[in-house]
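I opened this model to look up how its helices pack and how its strands pair. My entries follow in the order I made them.

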Amino acid sequence: MYYSSFGILALLILLITNYDILKKSNKNTLSSPAILYRQFLFSVMAYYITDILWGFLASFKIKTFAYIDTQIYFAVMVLSVFLWGRYVIAYLEEKNLFTRIPYYTSLTIFILVLVVLVINLFIPIVFYFDEEGNYHTSPARYINLTVQLLLFFIMTVYTIYISTKRDRPVKSRYRTIGLFGLAMTIFIALQAMYPFLPFYAMGFMLGTLLHTFVLEDEKEEHRRLLEELIQKGNLQEKELGAARHMAYTDSLTGIKNKAAYIEDISIIEQKINEGKLDKVGVVVFDLNSLKKINDTKGHDAGDEYIKAACHIICERFKHSPVYRIGGDEFVAILEGEDYENRRQLLEEFSKMVDEEKKHDGIVIASGSSTLHRNKDKSYMRVFERADKQMYKCKKLLKEK
């Protein structure tokens with residue numbers, strides 16, 4: 001019973017400490033070495049279960065079932081050694097002749113042990129139970145354990161050797177994996193000497209506990225890499241935002257340019273086509289006398305004239321996006337309060353322009369229109385009407 005109680009404890013500790021890696025059903029979320037280590041853990045769980053059953057069956061001398069369980073016990077034991085070696089080779093990422101030798105050796109031993117266990121059904125070369133149900137060992141058992149011990153020892157030496165050529169934190173992970181092999185080497189030797197004590201299970205328990213440091217270190221590295229990626233992503237987003245702002249901003253006035261206007265009206269067009277937009281108002285502006293100012297006072301004066309005009313438009317239509325779509329052409333797409341109060345705003349704007357004209361100030365021709373839902377199938381129809389009104393206004397201002 002004492003023998004089985006240790007196996008139960010070891011199984012519970014494995015399930016608790018390796019819950020994260022055991023629960024992952026989607027292999028795409030695991031790396032190739034992690035998948036192999038997961039397979040190894042399942043083989044260790046299978047070993048613990050057979051070891052626990054062996055303790056109960058041997059204690060109560062249930063001979064037939066104890067014999068079957070012992071056969072499975074040795075098969076699972078060697079399978080776990082093979083899976084461990086396969087995991088270590090994949091984790092080290094060393095593809096050479098030396099790494100192939102332990103792999104094929106452990107595979108060969110696994111196959112040979114299966115053959116030997118079949119032979120043991122007829123000739124007790126590994127173990128047997130006497131008439132009273134007592135367990136006895138045979139020479140092949142010691143040969144099997146000795147070969148396993150040598151495999152673990154060779155993999156341990158090789159892993160620690162490879163760790164000397166690596167930088168931190170990889171070096172510490174490799175050394176921890178090497179300590180796993182060293183623990184198994186020691187406990188396999190003890191298991192060979194004391195067949196009625198669960199030393200093999202102790203080795204697995206200590207080794208898998210040591211390996212949790214490898215898993216935690218990998219998680220920490222992944223977390224750090226993720227933070228770096230997030231920081232890079234944020235930086236790229238800021239750079240992209242800055243580049244987008246530059247690409248969509250008029251360099252002279254600081255408002256949205258024609259590229260931004262084209263993109264925004266494409267969105268408006270889509271909403272109109274989908275029937276999701278009913279209220280669209282457009283005001284088109286054009287500056288009078290800009291050519292005269294450029295010719296008589298120079299382009300710097302003309303630029304100041306444009307900026308001053310832009311400021312006036314933005315102040316009047318402060319709740320709507322304003323675009324500079326040409327040298328002296330502006331467009332405001334009325335939204336929110338500006339749309340609801342458009343008549344008042346346009347009247348005030350017209351009065352302001354008249355006052356400016358009287359004092360030889362900034363003269364801005366304007367024209368406006370709104371979406372007629374039953375008649376207009378696109379934004380451009382609204383824009384065209386506003387543009388025609390603007391040209392009428394421009395002509396009237398010149399005539400005045």
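**Sheet entries**

I began with strand pairing and found Gly-281 opposite Leu-334 in S5. The model is predicted, and I read it as such. S5 covers residues 329–334, and I see six bridges between S3 and S5, in the antiparallel sense.

Next I turned to the other partner of that pairing list. S3, residues 281–287, is joined to S6 by seven bridges. These two strands also run antiparallel. Within this pair, Val-284 stands opposite Gly-367 in S6.

I then asked in which order the four strands lie in the open sheet. I wrote down S4-S5-S3-S6, with antiparallel pairing. S4 (322–324) and S6 are the edge strands, since each pairs on one side only. I noted an average twist of 20 degrees from one strand to the next.

**Edge strand S6**

Is S6, an edge strand, mostly covered or mostly open? I checked residues 364–370 and found seven of seven buried. I recorded the two faces separately. On one side I listed Ile-364, Ser-366, Ser-368 and Thr-370, and on the other Ala-365, Gly-367 and Ser-369. Both faces are covered, with every residue on these two lists buried. My two lists follow a general pattern: in a regular strand the side chains alternate between the two faces of the sheet.

**Helix entries**

For helix pairs I looked up two values, as packed helices are described by the angle between their axes and the distance between the axes.

H1 and H8 came up at the start of this set. H1 spans residues 2–17 and H8 spans residues 199–247. Their axes lie 10 Å apart, at an angle of about 15 degrees. Angles under 35 degrees count as roughly parallel, so H1 and H8 are roughly parallel to each other. I noted a left-handed crossing for this pair. From H1, the contact uses Phe-6, Ala-10, Ile-13, Leu-14 and Thr-17. From H8, I listed Ala-201, Met-202, Met-205, Thr-208, Leu-209 and Thr-212. By class I get eight nonpolar, three polar and no charged residues in this contact.

H4 (residues 63–92) and H6 (residues 139–163) followed. I read an angle of about 15 degrees here, with the axes 11 Å apart. H4 and H6 are therefore roughly parallel to each other. H4 passes H6 in a left-handed crossing. The H4 side of the contact includes Phe-74, Met-77, Trp-84 and Leu-92, and the H6 side includes Arg-141, Leu-145, Phe-152 and Ile-162. The class count for H4 with H6 is 14 nonpolar, four polar and one charged.

How do the axes of H7 and H8 cross? H7 runs over residues 170–193, and the two axes cross at roughly 175 degrees, coming within 8 Å. That makes H7 roughly antiparallel to H8. I counted 15 nonpolar, seven polar and four charged residues in the contact of H7 with H8.

**One residue in H6**

Last, I picked out Tyr-161, which sits in H6. Is Tyr-161 buried, partly exposed or exposed? Its relative accessible area is 46%, so I entered Tyr-161 as partly exposed. I also looked up its separation from Arg-175. Tyr-161 and Arg-175 are 14 residues apart in sequence. In space they are 8.9 Å apart, C-alpha to C-alpha.

Terms used
Residues are numbered from 1 along each chain as its sequence is written. This is a predicted model: local features need pLDDT of at least 70, side-chain atom pairs count only at pLDDT 80 or more; totals for chains, interfaces and linings use all residues. Side-chain values use heavy atoms; hydrogens and water are left out. Axes are lines fitted to C-alpha atoms, for helices over the stretch in contact, and angles run from 0 to 180 degrees between N-to-C directions. Angles under 35 degrees count as roughly parallel, over 145 as roughly antiparallel, 65 to 115 as roughly perpendicular and the rest as oblique. A crossing is left-handed if the near helix is turned anticlockwise from the far one by less than a right angle, and right-handed if clockwise. Contact means heavy atoms within 4.5 Å. Ala, Val, Leu, Ile, Met, Phe, Trp, Tyr, Cys and Pro count as nonpolar, Asp, Glu, Lys and Arg as charged, and the others, Gly among them, as polar. Buried means under 20% relative accessible area, exposed over 50%, partly exposed in between (1.4 Å probe, protein chains only). Two strands pair if DSSP finds at least two bridges between them.
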